[in-house]
Each structure stands twice: as C-alpha cells, then as structure tokens.
Amino acid sequence: MGMRFRLKKLQVFKKSRFIVLAVMVMLSTLVVPVGVMGEVADNNTPVSVSNEEGKENQGQMKELANGGAQDVTPIKVSDIILHPFDGFGKFMIQTTSRLSPYDIKNELIITSAEKNQVVDYNIYRNDYRNGQIYIEIINPNLGILYKLNFSDKITIKANLDTTIKWELNESNMYIEQKIFPEKPIKGSDFNVAIRTPFNFEGINISNFKLNAYKTGTNQKANGNIILRKIKTSGSKESFSIFTLTSDTVENIDIEFILNNTPLGKLKNINIYNEDDDKNNDPSWWVMDGMYSLTYHQDDKTSIVINWNEAFDLKEITHYKIIVNEIDIATLPSSVLSYKLTGLSLDTEYRIEIAAENVLGRWTKYAKAILYKTPDEDKVVTGVDAFGGIVGGFRLHLVGASAQEIRKGLKVFFINNGTKQYVDFSIDEISRMITLNFAVLKREYFYEISQPLVLKEGTNTKLVWNSTLNRSKTTQTISPSKPKINEEFTFKVRLNDAAGFGYRNFHKDNFSIVPLVSGTDKIASGNLIINNVKLGDNLEDDGKNGTDDLSTYYITASYSKAENIDIQVNVDNVVLPEKLKNVSIVSDGQTPEIPPTTPPTSQPNGGSSSGGSSSPVVAPSLPEIRITSDGVQLKGDLKNVNWNNLFTSLKETNKNQITVDFKSSLNVPLAAILLGKQKLSEGYILLSNEKGTAKLKFSDINEDLLKNNFDNYTNLILNIVLQPEISTSPEVVAHSLPVRMYVKNGEKQIEVNWLTSQVILPKGSTSDVIVVKKNADTGEWAYEPATTMMKDGQLIVEFKHHSNDMLYVLNYSKTFDDVKGHWAEKDVSWLASRFIVKGNYEGLYKPQDPISRAEVTSLLMRILGSESGLPQAESIFKDVDSQKWYSKDINQAFKLGLINGLNADQFAPNDSITREQLAVMLSKVIEKHSSGKNKFDIDLLISFSDKDQLSDWAISAMKLLVNEKIMQGNEDKKLAPKDHVTRAEVAVLLKKMIEYLK
C-alpha cells in the first residue's frame with residue numbers, strides 16, 4: 001500500500017505545481033525498491049511508529065518478498081539550526097532517520113512567511129549517518145521570516161519552532177576598530193574587518209551603504225567613502241574584509257548600513273595626504289582568521305608549515321622562518337610552504353613567520369604556532385584526564401601495547417599517609433584507561449615502571465573536577481507515595497558545566513540527605529541508598545544511545561512519615577536540583593508535617609502542649625544547613641557536637657564547614673584531628689561581611705602541639721575576632737581581624753594556621769596591592785596574594801598563613817627621576833607595592849648600579865611573610881650583624897636563595913652582575929614555581945657571548961632566557977659580567993613576579 005501524503009494548508013499555491021508534486025509523491029510511495037528508507041533487519045523486530053497525533057505505538061518491520069524488511073520508523077525532526085559559519089541562507093535539519101536529498105525534497109516545502117510564496121532551495125550536504133541535512137535557500141533575503149512546511153510523514157518535536165530568519169544589527173556583529181594600513185592615504189585602498197554571526201557570502205555589494213561623519217559627531221564629512229569590494233574569510237572565524245577608498249583628507253567616522261539597517265561605526269580614522277613610513281610595514285593584520293598559519297606532521301622529526309600572503313602597500317619580497325627565536329631560512333615571496341626537518345623528539349618548538357617588503361621592512365609581529373614533536377616510544381611524557389568520565393584518562397605515550405601499559409602502570413591515592421592502589425581497565429584500541437572506581441576532586445597519582453619509562457619532570461597527578469551544575473533530577477518517584485522504610489526509585493542525569501554527560505559513577509559515589517520540605521534544614525529521619533543502577537535517557541530529544549551511561553536510577557528508603565526534599569550528592573559535589581516534596585506515609589496515611597514554630601512556655605510555666613507546670617527552657621542550638629559547598633553553621637555555636645558533625649560531613653562526602661563568625665569560636669582540637677583523619681581535604685571557613693578565613697585540617701601542625709602539650713585530650717582551638725582597626729584612607733578592604741590560640745587550662749600558644757581571604761569591592765581589578773603592617777616600624781610591607789572569581793565576586797587569597805591583618809590598598813607611587821624613563825612603569829609598579837624605595841632625597845636613581853645586598857633585600861620583600869623567619873646566624877664574615885642588610889642576607893641564605901663568593905665572603909656592597917642576578921632569580925623561581933613552560937632546546941646558542949658565562953650561571957641564565965624573563969642587550973649579547981642598573985633590576989623583578997603568579 002502507498003503512504004498517504006498530506007500537505008499543510010498553503011493559501012498561495014499554483015495548482016499545476018501541487019498536482020505534479022502529488023503525482024511524484026504517489027509514485028515514490030507505490031514503487032519502493034528493497035532497502036530504501038531503512039536497513040535490512042531481522043523479521044518481527046519491534047520498532048516505534050508514530051500516528052498522526054505524534055503518539056508512539058509498537059509496530060513491526062514490514063516483511064518483504066526476499067525475506068528482508070523495510071524500515072517504516074517515522075521520521076522525526078528534533079532541531080532546526082542556522083549554520084552561521086556556512087554562510088547566509090544556510091541551515092541544518094536534525095532528524096532521527098537517514099534521509100536522502102531526494103526524500104527531503106519530497107517532504108519539505110519552504111515558504112516566505114511574509115508573502116506566503118514558495119522559495120527554491122538546494123541540499124548542499126547530507127550527513128546520512130547522523131541524520132543531518134544541510135539546506136541552502138536560493139536568493140535569500142535578510143530580515144525575512146521563512147516557514148518550513150513538512151509533510152505528515154514527518155513528526156515535529158513538540159514546541160519546535162519551524163521558522164527561520166537571518167538578521168544583522170549592531171548587537172550581533174562587531175567592526176574591528178583597526179585598519180590596514182594604519183594610516184590610509186587619500187585615493188588609496190584600505191581594509192576593514194567586520195565579524196558577523198554569518199559571513200557575507202551571497203549578499204550583494206550594492207546592498208551596503210557607507211556614510212562618513214566628522215569624528216565624534218553626526219555632521220557629514222567633506223568627502224565620500226567608496227566600498228570597492230568584500231572578501232569573505234572562508235573560515236570558521238565568520239568575518240569579512242571590506243576594501244574602502246576615501247576622496248578626502250580628514251579625521252572621520254564611517255557608518256556601515258545594510259538594507260537600511262545600521263550595523264555600527266568604524267571610529268576615528270585619519271585619512272592622510274602623503275605616504276608615511278609606518279604605512280610601509282608589512283602586516284598579517286587579521287592575525288588568525290583569513291591569513292592563517294597551518295602545519296601538518298610529515299614524520300616524527302619533521303613538519304610542513306603553510307601560510308597565506310601578508311598584507312602590504314608595497315611588494316612583499318621575502319618570508320623568514322624563525323624557530324625558537326633562531327632564524328632558520330629566508331624565502332622568496334612566491335614560497336608559501338616550508339618543510340622543517342631534523343626536529344628532536346618530545347620537544348616543543350615555537351615557529352614564527354615574518355614578512356619583508358621591498359623597502360626592507362619586516363612585520364612588527366611575526367605569525368607563530370607552538371608545535372610539540374611526538375614522544376619517544378614507551379616514554380610517558382604527560383597525561384590527559386577526560387572531563388566526561390570520572391577516572392578516565394590517557395597517557396601521553398606511543399609505541400606501547402595495552403598489555404605493556406597494564407604491566408608498567410600503577411595508580412594510587414594517599415589515605416592517612418599511605419598509598420591506596422586502585423584497579424583500572426584499558427581499551428585495547430584507543431588505549432583509554434578507566435579507574436574501576438574514582439572519586440571527584442580526589443588527587444590520584446600514577447607510577448611508571450618497566451617496560452615503560454617516565455620522562456623526568458612529568459606531571460603524575462590526576463584530578464577529575466566537575467561542578468555537575470547542569471545535572472537534572474526527575475521530580476517523580478515510583479511508587480508516588482512510599483511507606484515508611486519502603487523502597488522508592490527516582491532518576492538523576494549527571495551533566496557537566498557544558499551540558500555533556502558525566503559517567504562511570506557507582507553506588508559509593510552517591511549520598512543523599514533528607515531535608516525538611518521547602519527548607520535547607522536536615523530532616524530527622526534516616527534516608528538510605530539501597531541501590532544505584534544505570535538508567536536511560538531522561539528526555540525524548542531525538543538522540544540515540546549516547547546519554548545512557550550518564551543517567552542513574554537511585555533506589556532509597558526513609559524511616560519516618562513526613563514530607564521531605566532529597567538533596568543528591570556525588571562525592572563532594574551537590575547536585576543543583578533537589579527531589580522535592582516526597583511524601584513518606586504510614587499505612588497509607590498523610591505524612592507528618594513538622595511544626596513551623598517550637599512549643600512555647602505558658603505564663604504559668606507550663607508548656608502549650610500541656611503537662612508539667614515546671615518551666616521548660618530549651619537549650620540554645622546551632623542552626624545547621626546543607627549548602628552547595630558543605631554544611632553551614634549559624635546561631636549559637638556553644639553546643640555544637642563537633643564529633644558528630646565531622647562524622648556526618650564524611651558520610652555526605654562534604655569538605656567545607658562554613659561558620660557564621662560573629663565573635664569567637666571554641667573547637668575541641670581532638671575533634672578537628674579526628675576530622676583530619678576522616679577528611680584530609682576538609683576545612684572550616686569562618687565568614688562574615690568583611691571577608692573569610694580558612695582553617696585547612698591539613699595545615700594543623702601536630703609537631704608544634706607535641707612540643708608544647710603533653711596530650712591532646714583537653715586542648716581547645718580558640719579563634720577570636722579582634723576589634724575593628726582604624727585604617728588609612730587608601731585601604732579599600734582588609735582581612736578578618738582574628739587571632740588563633742591553642743589552649744589547655746591556663747596555658748595557651750598562638751598559632752597561625754589560617755589562610756585569609758578578602759572580598760573586594762565591586763569595580764575592583766585583579767591587579768591589587770596587598771600589604772601588611774610591619775610590626776617593628778609600622779610601615780606597609782608587600783604580601784604575595786592570588787586573585788580569584790567566585791559567585792561573581794573578586795576574592796583575594798593570601799599565600800602565607802598569618803594572623804596579621806592584611807590590607808588591600810588603592811595606592812600609587814613613582815619617583816621624579818623615572819618619569820619618562822623606559823623603566824618608569826615597572827619601577828612605579830614595584831614602588832606602589834613598597835618593594836622598591838627611593839633614597840633620602842626621594843629619588844630612585846635608575847641608571848645607578850645596585851649592590852648584592854640591595855638585591856637580596858628586594859627578594860626578601862617580594863617573598864612577604866615567608867621572609868619573617870627568626871634572625872638566622874651570620875654565615876659570612878663580611879656581613880656585619882649591625883648592618884641593615886644582615887637579617888635579609890642571613891635569612892635568604894637559610895632559604896637557599898643566595899650563595900657567597902666563597903664560604904666566608906658575600907661581598908654585600910659589590911655591584912651585582914647580570915649572571916649573579918640570574919642565579920638569585922632562578923633560585924626564587926625554582927623554589928616557588930612548578931617548572932612550567934620549560935623548553936628542551938638551548939636558547940643560549942643564539943647569543944654570541946654565551947661562552948663568557950661562568951659554569952655556575954649557565955643553567956640559571958638558560959632558565960631566565962627560556963622563560964623570557966632575561967633577554968640580551970641591543971647587540972644580542974648576554975653581557976654576563978656587566979653590572980646591572982637599578983632600572984634593569986626593577987624590570988626583571990616585575991617579570992619574575994608576573995611569572996610566579
């Protein structure tokens with residue numbers, strides 16, 4: 001039998017067109033060749049078939065004469081997507097069936113909603129496997145609404161919008177506020193880049209109008225702007241290059257208009273009369289869009305790089321290949337490809353292309369790519385943890401079989417100071433490794449042994465972090481009203497921040513918390529997870545199969561008749577949606593609803609519920625709430641059962657206890673140490689409107705306690721809020737004024753285990769000035785800190801534990817003798833942070849040499865609280881203990897940051913040389929960084945005087961040159977024996993601080 005075709009009603013249709021179309025459809029449905037519209041399958045395979053109302057029923061595969069079957073599964077359109085990168089007038093239809101272009105032409109008519117006229121279209125691509133059909137409307141118009149009319153053979157997903165429109169306006173496009181050349185000449189071409197949600201391919205140049213205005217006004221300019229041509233990018237960048245010409249010499253704004261719709265302005269363009277030297281610099285201009293630099297690997301030790309032509313008003317004559325800042329080859333302009341050979345394995349290269357014009361001028365900024373050559377066989381050089389699979393990762397490793405990986409790999413985590421090894425599986429084809437059980441946010445480590453080899457310095461830590469903040473919890477359970485201790489089931493879908501499924505979780509990853517319905521208060525009953533099983537897709541969204549491993553059925557039971565909400569936790573992560581208003585009943589009765597207010601005492605001393613006449617005073621209890629981070633404590637904190645709290649925190653896989661901190665807090669130290677055993681990553685967060693302070697359990701120094709107290713039984717950790725301290729006008733924020741003590745009866749010691757955080761005022765930037773008061777002098781002293789964003793607020797966290805008040809300042813300082821100097825910016829930056837200071841005349845003297853003692857003192861100021869060590873014994877005979885620099889030199893030596901000229905001499909007043917400074921800076925970097933951005937290639941070879949380096953300075957200088965902290969002078973020399981000026985030191989210190997961040 002043929003299939004009926006019913007077209008949605010159209011008011012304007014030529015009769016002859018409709019008749020021809022109907023005859024075509026009838027023929028196509030009466031004569032059906034075997035295999036069309038489906039794949040051969042087993043007889044009587046059940047399929048899902050839709051009727052005209054879109055409801056799904058069970059059907060069968062239609063039996064054919066040859067024993068095969070025709071798939072009569074209904075076609076469902078699940079999405080209609082505009083494809084901006086493909087161009088104007090193009091879009092994609094997502095279907096559940098594999099349609100051919102012939103099929104869709106029979107089942108879809110596109111009309112203009114404005115005039116209800118049928119419009120022509122082509123199918124320019126068909127992704128048969130994934131059910132994606134790419135369509136291009138012939139001669140589309142901007143701003144016109146088009147309607148997609150599908151036959152009854154196709155089911156449309158509920159609430160799917162079947163209209164499409166292409167629009168351009170100032171809100172969805174961007175005009176690059178730079179041009180090429182930088183200074184256009186009257187009567188000569190210049191170029192403008194415009195980024196849009198789709199490129200201008202298919203839009204006629206005559207649709208554009210350009211207006212020129214005098215800059216900053218709506219007054220027409222004296223001359224005209226002519227649009228000469230448009231070139232589309234042909235890339236995913238979706239931008240176009242407009243070539244313009246001006247017939248006037250003036251400062252103008254240029255307004256772009258498309259079909260009477262303003263698109264925005266190109267502002268403050270100077271049109272010049274004569275050529276300028278700057279116009280003759282070649283340029284790549286749109287750096288990574290139309291004019292791209294690409295490469296492909298030729299073999300393990302060679303790659304082929306390709307680039308597009310550079311821009312210039314003059315002729316481009318040459319291109320230069322630069323590898324790790326070394327010139328490799330100069331090529332004629334006709335060559336746009338080059339093969340690099342002889343590369344070392346497992347090495348990172350920075351490859352740059354520069355362009356030269358006929359005047360001998362080179363591009364200011366070379367185009368660059370970073371390329372890392374493949375690893376050596378069976379050498380592990382790194383690891384990638386997969387975002388969507390907890391416990392899933394792949395080693396950076398080639399030339400090893402799955403069997404060799406099993407033999408040479410072990411994975412573990414640290415539990416109470418011991419290694420706990422975990423089992424894993426390996427995919428034989430992809431070599432993807434999956435832990436059999438893994439926990440979010442837990443730190444795992446891997447070990448490598450024969451037949452594998454671990455490259456020295458390779459990261460061996462694995463952490464799977466996800467907020468799961470787009471997870472979904474179904475708001476239905478089965479049965480709908482379970483009885484006390486009766487099992488009920490509900491579903492959750494685990495999604496990461498990008499909306500993709502997260503999988504490989506097991507029952508032990510989940511915990512559930514009962515809450516009094518409609519509140520965050522913990523309910524009084526006992527909620528138990530009985531089972532967790534993988535489920536199916538939560539939504540009928542037309543997608544097949546890929547989401548099943550991210551959906552879980554949770555079977556639970558509850559011990560009390562009442563209405564509850566259920567908070568679902570996965571490891572340390574709280575899912576964003578609670579299961580709300582679950583009614584637990586007893587023998588089919590309505591569940592108990594807890595009172596909203598407690599019983600109150602009667603005037604005669606009795607209770608409102610009757611009973612004894614003696615007065616009853618309820619104890620003052622803290623308010624405990626579940627939050628997305630853990631547990632929150634409010635109210636009276638005197639009666640907190642800390643042992644039970646830490647036990648509950650462990651059971652719910654939380655790490656954070658937030659305390660609404662008003663004045664003081666007393667916590668039994670034994671309870672905290674118990675919490676430290678159960679929660680190695682746990683902490684107490686003291687919080688009020690001024691800021692926060694964090695006590696990490698791992699920061700508690702038990703050796704200090706052993707040295708000061710006989711036992712821990714009666715020790716109390718006492719945290720006290722200090723009175724507000726008056727501050728200077730430049731202070732914009734400060735840390736919590738708290739002190740922390742450990743007490744045992746009358747004996748107490750002060751400890752500094754807190755990590756302070758400060759919430760910055762709105763409008764603050766991340767480049768903040770953080771200081772503390774010097775206890776001896778009362779002067780400000782620099783304090784290292786990091787800035788982070790949390791819940792839309794900038795927060796400063798101080799790197800060193802301290803009970804001292806820490807301040808964020810709005811302050812700036814400079815020196816008269818550095819104004820206009822090339823190092824002014826860096827000197828002022830350091831001076832504003834109280835790192836560098838002027839002389840008694842208030843001058844900096846930027847060109848003066850600087851002594852070894854002065855540099856040591858600057859380094860100790862940069863280290864902040866870390867420099868606050870007890871006075872160390874003098875090691876060097878020439879460092880007088882009465883001199884201002886003695887403390888800094890002795891502490892720096894104790895920290896391993898400096899060496900003497902020999903065992904007895906430091907020469908504090910000698911001017912420091914470049915290689916001596918390099919050694920000092922490298923020691924600070926190696927002590928305070930993780931060894932990032934290291935290059936195996938030796939960049940020192942490009943300096944002509946590298947052989948003048950002392951042996952003890954080579955590795956330090958290599959580090960600083962590789963990390964672009966220290967560079968050569970104008971003659972491309974290191975000048976290792978030259979003395980360093982105060983200006984040069986300021987620049988190098990600023991670079992080092994930025995690097996350490």
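**Cores and an open sheet in a predicted model**

Visitor: In this predicted model, leaving aside neighbours within four places in sequence, with which residues is Leu-989 in contact?

Guide: The model is a prediction, and contact here means heavy atoms within 4.5 Å. Once the neighbours of Leu-989 within four places in sequence are set aside, the residues in contact with it are Leu-830, Leu-858, Leu-859, Ile-862 and Leu-921.

Visitor: Which helix gives the most to the largest nonpolar core?

Guide: The largest nonpolar core has 60 residues, and Leu-989 and Met-992 are those with the most contacts inside it. At least two residues of this core come from each of H7 (824-831), H8 (852-863), H9 (886-894), H10 (914-928), H11 (954-962) and H12 (982-996). With 10 residues, the helix that gives the most is H12.

Visitor: How many residues has the other core, among them Ala-402 and Ile-512?

Guide: This other core lies apart from the largest one, and its members include Ala-556 and Val-582 as well as Ala-402 and Ile-512. Its count is 54 residues.

Visitor: Why is one side of strand S21 and of strand S25 left without a neighbour in the sheet?

Guide: Three strands form an open sheet with antiparallel pairing, in the order S21-S22-S25. Strands S21 (293-299) and S25 (337-340) stand at its edges, so one side of each lacks a neighbour because each has a single partner strand.

Visitor: Which residue in S22 stands opposite Gln-297?

Guide: S21 pairs with S22 (residues 302-307) in the antiparallel sense, over six bridges. Opposite Gln-297, the residue that stands in S22 is Ile-303.

How values were computed. Residues numbered from 1 in each chain as written. Predicted model: local features only at pLDDT ≥ 70, side-chain atom pairs only at ≥ 80, totals over all residues. Heavy atoms only, no water. Pairing = 2+ DSSP bridges. Helix = DSSP H or I, 4+ residues; strand = E, 2+ residues; numbered from the N terminus. Core = buried A, V, L, I, M, F, W, Y, C linked by side-chain atoms within 4.5 Å. Buried < 20%, exposed > 50% of the residue type's maximum accessible area, 1.4 Å probe, protein only.
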